[in-house]
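Visitor: I have a new model open and would like to understand the labels people put on it. Could you walk me through them?

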Amino acid sequence: HVIINDMAQVDAIGDFFFSASALSAASVDLSRRGISQLPLDFPGYEKLECLYLEGNQLTSLPDNLFLQCPNLRWLDLRNNNLQSIPPNIDKLRSLRTLLLEGNQVSHLPPQLSEVSLLLHHCIYLLVRPSEAPEWTQPLQESSTEPS
């Protein structure tokens with residue numbers, strides 16, 4: 001588990017991911033670092049399984065994030081300013097937990113339904129039930145807040 005405290009520049013995030021990859025860290029915690037954007041050319045990191053980006057100021061995610069980190073199992077995006085999720089989230093075939101609470105996401109990409117492990121585990125949505133994709137209805141009916 002790698003934690004970084006001072007992320008003043010977007011380039012530093014890319015450098016950090018290269019370092020974490022070299023250390024073979026399976027988990028990266030960039031929570032509450034005031035990050036407003038991730039590098040557009042997000043570095044590849046195949047061993048990454050858990051990515052914590054909670055409590056930043058992200059308004060979007062790089063299109064290649066999910067392509068570059070294909071083995072993510074846990075993705076914490078809570079409490080940012082995200083308005084959408086890139087449609088290529090379906091590339092995260094191992095994703096089991098997606099945390100989106102506290103964002104401005106008004107709709108989810110239909111491709112999210114292709115992440116079969118996620119559908120059987122945990123997705124916390126913060127969208128109005130009337131705006132949620134039809135395939136999430138069973139999730140909304142059966143989901144409860146963890147105690």
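Guide: Happily! Let's begin with a term: a salt bridge is a side-chain nitrogen of Lys or Arg within 4 Å of a carboxyl oxygen of Asp or Glu. Please keep in mind that this is a predicted model.

Visitor: What makes Glu54 and Arg32 a salt bridge?

Guide: Their side chains come to 2.3 Å, N to O. The cut-off is 4 Å, so the pair qualifies. Glu54 sits in the loop between β3 (50-52) and α2 (65-68), while Arg32 is in the loop between β2 (27-29) and β3. The two are 22 residues apart, and the pair links distant parts of the chain.

Visitor: Why is Glu54 called buried?

Guide: Buried means under 20% relative accessible area. Glu54 has 10%, so the label fits.

Visitor: And how do you know whether Arg32 is buried or exposed?

Guide: Exposed means over 50%. Arg32 has a relative accessible area of 57%, so Arg32 is exposed.

Visitor: How many salt bridges does the structure hold?

Guide: There are 2. Besides the pair just discussed, Arg78 forms one with Asp76, with their closest N and O atoms 2.7 Å apart. That is also within 4 Å, so the definition is met.

Visitor: Why is Arg78 called partly exposed?

Guide: Its relative accessibility is 27%. That value lies between the 20% and 50% limits, so partly exposed is the right term. Its partner Asp76 has 2%, which is under 20%, so Asp76 counts as buried.

Visitor: What share of the chain is buried?

Guide: Buried residues make up 44% of the 147 residues.

Definitions and conventions: Residues are numbered from 1 along each chain as its sequence is written. This is a predicted model: local features need pLDDT of at least 70, side-chain atom pairs count only at pLDDT 80 or more; totals for chains, interfaces and linings use all residues. Side-chain values use heavy atoms; hydrogens and water are left out. Buried means under 20% relative accessible area, exposed over 50%, partly exposed in between (1.4 Å probe, protein chains only). Helices (H or I, at least four residues) and strands (E, at least two) are DSSP runs, numbered from the N terminus.
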